Amino acid sequence: MAGAMDLPAKGGFSFDLCRRNAMLAEKGLKMPGFRKTGTTIVGLVFQDGVVLGADTRATEGPIVADKNCEKIHFMAPNIYCCGAGTAADTEAVTDMVSSQLQLHRYATGRESRVVTALTLLKSHLFSYQGHVSAALVLGGVDVTGPHLHTVYPHGSTDTLPFATMGSGSLAAMSVFESKYKEGLTREEGIQLVSDAICAGIFNDLGSGSNVDVCVITKGKTEYLRNHQLPNPRTYVSSKGYSFTKGQTEVLSTKITQLKPKVEVTESDAMEE
Amino acid sequence: MAWQQPMDGSHASGSKVAAADGPGTQRTQYPYVTGTSVIALKYKDGVIMACDTGASYGSTLRYKSVERIKAVGKHSLIGASGEFSDFQEILRYLDELTLSDHMWDDGNSLGPKEVHSYLTRVMYNRRNKFDPLWNSLILGGVKKGPKGEEKYLGMVNMIGTHFEENHIATGFGNHLAIPILRAEWREDMTFEEAVKLVEKCLLVLLYRDRSSINKFQIAKITTEGATIYPPYSLKTNWGFAAFENPSKGAVGSW
């Protein structure tokens, strides 16, 4: 349908259906809720770079959907991003910006900068007016130094020495506020991040399972997947599971011969 | 956390108190002047309790020198967060209780466990009448029991939920102080160690709770009795490089 006035596609949130939604809600339609994943994600700046941390539990309401998911997403070789909020939103938005950063690297021939990722994320989230429910902790090291930012679903950002997001953010923040100081070494930074994530895992119901850590320094990134496993399966049966004959009582046995009912005939091969 | 009044009046009949107040009356549904978190923990000699001395009127910091921890009888301390007028009312009930206990003149005095039990009944019965006392109370004390000097620490809130623990916090303290207390509390802490741990929690609350102020009171209860120390302030640290110039090296961000 080629119209005489084909307007270019507009970005951002389309408010066309809002009036219809409001009318339906008035008529008694129950709007679908959002699936929020409980999370603890943290980041801190230490003397050589940034350390990011995350728990690994993804929840669907009261159920743990994934015991060991990955919440630290790749953005660039020198930039990683932790995501809290709706899992689909955090995955999609970090994937999208990661691709955009790669194209930008090809165009400029330079290493990506953290502000670039930050600006791409915040302008996308702002244009969707908070409906893209992604709360992110973005960290990386570029030519201008180490940077740590938080990005909120509505598009605002903060630049901080240490940051926490997600349902376990208060538990993690209490650890940071009491123990953080400037000029931490790599080991101290990793230990502090692990402590903060553990505080979230053990004190927040929406967070749990294991601790993932990512250390980014100039020229080197280490992704320590499952750096700590503080929730191991404590009881494992030494004999394993075995179901020997005689454990279950047999009430009756009936054997039906299949053979008389099956006829094997020579015929042509199936036509294509 | 304001409890919004539902528009269709479904709570109306629930809040009406018969006879004494007449039909069609309603009682307090939301708090006005509120105190924020209180934290408490057991240590070697007894129980230590601390809170700030502020009381807010909505989003205004109205009163800055309020005592939210008081001694009860000879063996207990009570700390409260939530509606301050309800706390004053509770103190009056406890006065009557301790007075009539004293008049028995039987050589026995109410211990913290008994006071906690009394408060639990009061809170739960008020909640059942849809007329709650809008508080979270912490009750701590030491009294000689069958096993020697027994330390006691418990809490009860406006809906009547009550329990005993080695460390307790109300309000925002639940989210910010309890993780620290769970990680660092030990059975036999000295008074100095307990104060340091409490100050660590109070500092985090000062940074991250908008209704807290930098003026705290610590109180302790031991076999010698209750001591409520005069108020003092904690030293805060705002000197991080990222705070001084957030967009240094990240031009365009804020």
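These are my notebook entries on a cavity, some strand pairings and the cysteines of this structure.

**Entry 1: the model.** A reminder to myself before anything else: this is a predicted model.

**Entry 2: the cavity.** I began with enclosed space. How many cavities of 30 Å³ or more does the structure hold? I found one. The largest cavity takes in about 70 Å³ of space. Its lining is made up of 13 residues, and those closest to the centre are S37(B), D52(B), L202(B), L205(B) and S212(B). I then asked which elements give two or more residues to this lining. They are strand 2 (38–42), strand 3 (47–52) and helix 6 (191–208), which belong to chain B. Sorted by class, I noted eight nonpolar residues in the lining, along with three polar and two charged ones.

**Entry 3: the sheet.** Strands 2 and 3 of chain B drew me on to their sheet. It is an open sheet of five strands in chain B, with antiparallel pairing and the order 11-2-3-12-13. Which strands sit at the edges? Strand 11 (167–169) and strand 13 (225–228) of chain B do, each pairing on one side only. With direction ignored, neighbouring strands in this sheet are turned by 10° against each other on average. I also looked up the pair from the cavity lining: strand 2 and strand 3 of chain B run antiparallel over five bridges. Within this pairing, K42(B) has V47(B) of strand 3 opposite it. A note for context: strands of a sheet pair through backbone hydrogen bonds.

**Entry 4: a hairpin.** Next I followed chain B to strand 4 (residues 55–57) and strand 5 (residues 60–63), which pair in the antiparallel sense over three bridges. Opposite S56(B) stands L61(B) of strand 5. Two residues lie between the strands of this hairpin, and G58(B) takes a positive phi near 70° there.

**Entry 5: the cysteines.** Last, I checked for disulfides, and the count over all chains is zero. Why is C81(A) not bonded to C82(A)? The closest cysteine sulfur to that of C81(A) is the one in C82(A), but at 6.7 Å it is too far for a bond, as the cut-off is 2.5 Å. C51(B) is in no disulfide either, with its nearest cysteine sulfur, in C201(B), 14 Å away. Buried or exposed? I looked up both: C81(A) is buried at a relative accessible area of 0%, and C51(B) counts as buried at 1%.

Technical notes. Residues numbered from 1 in each chain as written. Chains lettered and ligands numbered in written order. Predicted model: local features only at pLDDT ≥ 70, side-chain atom pairs only at ≥ 80, totals over all residues. Heavy atoms only, no water. 1 Å grid on protein atoms, 1.4 Å probe; cavity = no way out; pocket = protein on both sides within 12 Å on 5 of 7 lines; lining within 4 Å. Points joined across faces, edges and corners; volume = space filled by probe spheres on them. Helix = DSSP H or I, 4+ residues; strand = E, 2+ residues; numbered from the N terminus. Nonpolar A, V, L, I, M, F, W, Y, C, P; charged D, E, K, R; others polar. Pairing = 2+ DSSP bridges. Axes fitted to C-alpha atoms, helices over the stretch in contact; angles between N-to-C directions. Buried < 20%, exposed > 50% of the residue type's maximum accessible area, 1.4 Å probe, protein only.
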